[in-house]
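Welcome! Let's take a walk through this protein together, starting from one residue and working outward to the whole fold.

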Amino acid sequence: MSKKVLIADDEPNIVISLEFLLRREGFEVLVAVDGEEALAKARAERPDLVLLDVMMPKMNGFDVCQALRADPELASMRVLMLTAKGRETEVSKGLGLGADGYMTKPFSTKDLVAQVRVLLGV
């Protein structure tokens, strides 16, 4: 059974690249283009991992992460934040809200796949 990954990002080129990469690695992929959709899909689909952009419309990634951690049914869901916001304060905020990892864009696809595999235990 393949692991399910939710990509939450409003940048179409990033979504296409991540979706291709993760499907090639054997993961089932879901996509959300804003924070509200990401939270709704996380609740409905129960992915094993959420790749979460910080800067999204309707609800930012920090708020989505916080909402996931506040929901007892979703609190154990793995979250990897992927964002251009890589200053120490943003990294600390993301990790402080409960993200399991934080990678800044642009990122190495090898590093991303390795991080996804570690978080999913595969």
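In which strand does Lys4 lie? Lys4 belongs to strand β1, which covers residues 4–8. Keep in mind as you look that this is a predicted model.

Is Lys4 buried or exposed? Its relative accessibility is 17%, and because buried means under 20%, Lys4 counts as buried. Now look at what surrounds this residue. Setting aside residues up to four places away in sequence, Lys4 touches Glu28, Leu30, Glu45, Pro47, Asp48 and Leu49. Asp48 shows nicely how the chain folds back on itself: Lys4 and Asp48 are 44 residues apart in sequence, yet their C-alpha atoms are 5.3 Å apart in space.

With that strand in view, step back to the overall plan. The protein has five helices and five strands. If you follow the chain along the sequence, the pattern reads β-α-β-α-β-α-β-α-β-α.

Next, find helix α3, which spans residues 61–70. Just ahead of this helix, Asn60 caps its N-terminal end, with a side-chain oxygen 2.9 Å from the backbone nitrogen of Phe62. Which residues of α3 are buried? They are Gly61, Phe62, Val64, Cys65, Ala67 and Leu68. These buried residues pack against two other helices, α2 (35–45) and α4 (88–96), and also against the strands β3 (49–52), β4 (78–83) and β5 (101–104).

One of those strands, β4, holds our next stop, Thr83. With 0% relative accessibility, Thr83 counts as buried. Beyond its neighbours within four places in sequence, Thr83 is in contact with Asp53 and Val54, and also with Tyr102, Met103, Thr104 and Lys105.

Finally, take in the protein as a whole. Of its 122 residues, 43% are buried. Among contacts with a separation of 6 or more, 60% join residues 24 or more positions apart. The C-alpha trace spans about 30 × 30 × 25 Å along the principal axes. How does the radius of gyration fit a compact globule? For 122 residues such a globule would have a value near 14 Å, so the protein's 13 Å agrees.

The surface rounds off the tour. About 6200 Å² is exposed, and carbon and sulfur atoms supply 52% of that area. The protein carries 16 positive and 19 negative charges, and the mean positions of the two groups are 3 Å apart.

How values were computed
Residues are numbered from 1 along each chain as its sequence is written. This is a predicted model: local features need pLDDT of at least 70, side-chain atom pairs count only at pLDDT 80 or more; totals for chains, interfaces and linings use all residues. Side-chain values use heavy atoms; hydrogens and water are left out. Helices (H or I, at least four residues) and strands (E, at least two) are DSSP runs, numbered from the N terminus. The radius of gyration is taken over C-alpha atoms; the globule rule is 2.2 Å times the number of residues to the power 0.38. Buried means under 20% relative accessible area, exposed over 50%, partly exposed in between (1.4 Å probe, protein chains only). Contact means heavy atoms within 4.5 Å. Accessible areas come from the Shrake-Rupley method with a 1.4 Å probe; for residues, only the protein chains shown count as cover. Lys and Arg count as positive and Asp and Glu as negative; His and the chain ends are not counted. The place of a charge is taken as NZ of Lys, CZ of Arg, CG of Asp or CD of Glu. A polar contact is a pair of N or O atoms within 3.5 Å; within protein, one must be able to donate a hydrogen and the other to accept it, and residues adjacent in sequence count only if both atoms are side-chain atoms.
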